[in-house]
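Me: I am new to this structure and would like a close look at a single part, the aromatic side chains. Please take me through them in one connected account.

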Amino acid sequence: MYAIFDNGNKQYKVSVGDTLKVEKLDAEVGATVTFPVVLTADGESVKVGKEVEKVLVTAEVLSHGKEKKIIVFKYKAKKNERKKQGHRQPYTSIKVTAIGEGAPAKKTAAKAKPAAAKTEKVTAAE
């Protein structure tokens, strides 16, 4: 069985146990993330649309990193215009743990910031 999910304007085809790199996610290493599914298929049938509305891909965040550097070079002939830039795309490496309806999502609790102590102003009205 495989599923196709979308993330960051890109679609990915995955099966349980696959490891892949997706656009950078705001999740800590070891956290569990879920993605909505666009299509699922097994050996006999393909499901799309309303049939996969509740199906989720559950994955574990393995690491964060940056891809290899690419060079972006812009050049205009006979105009003496040249511009050279480098770029490293950030990514998150994930491992697919489950595909299914309402797959159990273990959301890690975000670290709560301590509430600022409320101070009351006491005015001497006497």
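Reply: A search of the whole structure, which is a predicted model, finds two aromatic pairs. One of them is formed by F5 and F35, whose rings are stacked, with 4.6 Å from centre to centre and 25° between the planes. Those two values are given together because a pair of aromatic rings is described by the distance of the centres and the angle of the planes. The angle of 25° between F5 and F35 counts as stacked because planes under 30 degrees apart are placed in that class. As for where the partners sit, F5 belongs to strand 1 (residues 2-7) and F35 to strand 4 (residues 32-41), so the pair ties together parts that are 30 residues apart in sequence. Both partners are covered: F5 is buried, with a relative accessible area of 0%, and F35 is likewise buried, with a relative accessible area of 5%. The pair also belongs to a wider group, since F5 and F35 form one aromatic cluster together with Y12.

Other aromatic rings have a charge as their partner. The ring of Y2 has the charged end of K13 sitting over it, 4.4 Å from the ring centre, and in a similar way the charged end of K21 sits over the ring of Y91, at 4.5 Å from its centre.

Aromatic residues also appear on the surface, where F73 and Y75 join I71 in a nonpolar patch, the three together having about 340 Å² of accessible area. Of these, I71 is found in strand 7, which covers residues 70-76.

Notes:
Residues numbered from 1 in each chain as written. Predicted model: local features only at pLDDT ≥ 70, side-chain atom pairs only at ≥ 80, totals over all residues. Heavy atoms only, no water. Patch = residues over 30% accessible without salt bridge, like charges linked within 9 Å, V, L, I, M, F, W, Y side chains within 5 Å. Areas by Shrake-Rupley, 256 points an atom, 1.4 Å probe, with all protein chains shown as cover. Salt bridge = Lys/Arg side-chain N within 4 Å of Asp/Glu carboxyl O. Helix = DSSP H or I, 4+ residues; strand = E, 2+ residues; numbered from the N terminus. Phe/Tyr/Trp six-rings, centres within 6.5 Å; stacked < 30°, edge-to-face > 60°. Buried < 20%, exposed > 50% of the residue type's maximum accessible area, 1.4 Å probe, protein only. Lys NZ or Arg CZ within 6 Å of the ring centre and 35° of its normal.
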